[in-house]
Amino acid sequence: MMSILRSEWLGLLFRLILGGVFIYASLDKIVHPAGFAKAVHNYHLLPGSLVNIFAVVLPWLEFLCGAALILGTRVDGATTILGALLVVFLVAVTINLIRGVDIACGCFTSDPQSRKAGFDVIWQDSLLLLMAIHLFFRGPGRLALARRRLPTAMTP
């Protein structure tokens with residue numbers, strides 16, 4: 001089991017899954033920013049003045065971080081940003097579940113009739129967060145454009 005978790009091929013698999021999911025998730029939001037802003041507003045967690053900025057910036061951030069993971073460059077930065085976003089998403093969905101609010105999650109589409117924010121979203125985001133944590137600590141794995149820098153030996 002430990003050899004599988006240490007495999008560089010697992011790092012490649014996690015990079016492709018996490019990067020692909022975030023690129024896919026960003027596309028509809030980039031094309032329909034007004035619809036995504038409505039989805040963000042429905043969570044009632046951000047001040048109204050930040051909803052539009054968040055709805056425009058977040059999808060591009062998801063796309064760029066996803067592309068960095070697919071290419072295997074800036075993996076530490078991309079996994080840090082995506083990990084932080086996943087924690088925010090988990091908190092937002094959990095708060096609305098506790099409130100009993102029945103809203104579309106806005107995960108992959110801005111359509112208000114899409115998948116509801118529920119326990120399946122928490123499960124999905126938790127798995128993605130574990131992949132991000134693995135990549136952060138174990139490195140980018142195989143076929144990365146940029147390999148993790150090893151600490152240089154101290155010179156006298």
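Mentor: Helices are DSSP runs of H or I with at least four residues, and strands are runs of E with at least two, numbered from the N terminus. The model under discussion is a predicted one.

Trainee: Which pattern does the chain follow along the sequence?

Mentor: The secondary structure comes to 6 helices and 0 strands. Read along the sequence, the chain therefore has only helix symbols to show under the definition of helices and strands. The pattern is α-α-α-α-α-α.

Trainee: Where is Trp60 placed, and is Trp60 buried, partly exposed or exposed?

Mentor: Trp60 lies in helix H4, which covers residues 48-71. Its relative accessibility is 45%. Buried requires under 20% and exposed over 50%, so Trp60 in helix H4 counts as partly exposed.

Trainee: What is the area of the nonpolar surface patch that includes Trp60?

Mentor: Residues of a patch need over 30% relative accessible area, and Trp60 has 45%. Its partners in the patch are Leu46, Leu50, Ile53, Val56 and Val57. The patch has an area of about 540 Å².

Trainee: What share of the accessible surface of the chain belongs to carbon and sulfur atoms?

Mentor: The accessible surface of the chain comes to about 9300 Å². Carbon and sulfur atoms hold a share of 72%.

Trainee: What percentage of the residues in the chain is buried?

Mentor: The chain has 156 residues, and its C-alpha atoms fill a box of roughly 55 × 30 × 30 Å along the principal axes. With buried meaning under 20% relative accessible area, the buried residues make up 39%.

Conventions:
Residues are numbered from 1 along each chain as its sequence is written. This is a predicted model: local features need pLDDT of at least 70, side-chain atom pairs count only at pLDDT 80 or more; totals for chains, interfaces and linings use all residues. Side-chain values use heavy atoms; hydrogens and water are left out. Patches are made of residues with over 30% relative accessible area and no salt bridge: like charges are joined within 9 Å, nonpolar side chains (Val, Leu, Ile, Met, Phe, Trp, Tyr) within 5 Å. Accessible areas come from the Shrake-Rupley method with a 1.4 Å probe; for residues, only the protein chains shown count as cover. A salt bridge is a side-chain nitrogen of Lys or Arg within 4 Å of a carboxyl oxygen of Asp or Glu. Buried means under 20% relative accessible area, exposed over 50%, partly exposed in between (1.4 Å probe, protein chains only).
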